[in-house]
Amino acid sequence: MLGPNGAVGQTLIRLLADHPWCRRAELAASERSAGKSYVEATKWVGNSDMPETVRDMIVRTCEPADITSPLVFSA
């Protein structure tokens with residue numbers, strides 16, 4: 001997913017958290033967030049907790065060469 005740190009990206013993560021066949025394989029954001037875990041790079045907003053499946057994922061840059069997933073959601 002591109003842009004997971006903002007409100008729209010977080011909403012998309014919430015909506016896909018329990019999806020039966022869609023899993024979060026990669027998270028990509030700005031250089032400022034790249035290299036950090038998602039929990040470190042994101043100020044989580046809203047009433048629900050951050051899904052455990054993404055908390056420790058390392059955020060990558062949005063460079064096309066850094067993304068290996070065949071399907072990408074952009075927020």
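## Salt bridges and overall fold

Arg-55 pairs with Glu-52 in a salt bridge whose closest N and O atoms lie 4.0 Å apart. The model is predicted. Arg-55 and Glu-52 both belong to helix 3 (residues 52-55), and because they are 3 residues apart there, about one helical turn separates them. Glu-52 counts as exposed, at 64% relative accessibility. Arg-55 is partly exposed, with a relative accessible area of 28%.

In total, the structure holds 2 salt bridges. The other pair consists of Glu-26 and Arg-60, whose side chains meet at 2.8 Å, N to O. Glu-26 sits in the loop between helix 1 (7-16) and strand 1 (27-29), while Arg-60 is in strand 2 (residues 59-61), so this salt bridge ties together parts that are 34 residues apart in sequence. Glu-26 is buried, its relative accessible area being 5%. Since 33% falls between the limits of 20% and 50%, Arg-60 is classed as partly exposed. As general background, side chains of opposite charge can pair when their charged atoms come close.

The residues of the two salt bridges are listed below with their accessibility.

| Residue | Relative accessible area | Class |
|---|---|---|
| Glu-26 | 5% | buried |
| Arg-60 | 33% | partly exposed |
| Glu-52 | 64% | exposed |
| Arg-55 | 28% | partly exposed |

Turning to charge over the whole protein chain, there are 8 positive and 9 negative side chains. The centres of these two sets lie 4 Å apart.

The secondary structure of the protein chain comprises 3 helices and 2 strands. Along the sequence, these elements follow the pattern α-β-α-α-β.

As for overall dimensions, the C-alpha atoms occupy a box of roughly 35 × 25 × 20 Å along the principal axes. A compact globule of 75 residues would have a radius of gyration near 11 Å, and the protein chain agrees with this because its own value is 11 Å.

Contacts and surface complete the description. Of the contacts between residues at least 6 apart in sequence, 66% join residues at least 24 apart. Among the 75 residues of the protein chain, 36% count as buried; Glu-26 is buried. The accessible surface of the protein chain comes to about 4,900 Å², and carbon and sulfur atoms account for 54% of that area.

How values were computed
Residues numbered from 1 in each chain as written. Predicted model: local features only at pLDDT ≥ 70, side-chain atom pairs only at ≥ 80, totals over all residues. Heavy atoms only, no water. Helix = DSSP H or I, 4+ residues; strand = E, 2+ residues; numbered from the N terminus. Rg over C-alpha atoms; globule rule 2.2 N^0.38 Å. Buried < 20%, exposed > 50% of the residue type's maximum accessible area, 1.4 Å probe, protein only. Contact = heavy atoms within 4.5 Å. Areas by Shrake-Rupley, 256 points an atom, 1.4 Å probe, with all protein chains shown as cover. Lys, Arg positive; Asp, Glu negative; His and termini not counted. Charge placed at Lys NZ, Arg CZ, Asp CG, Glu CD.
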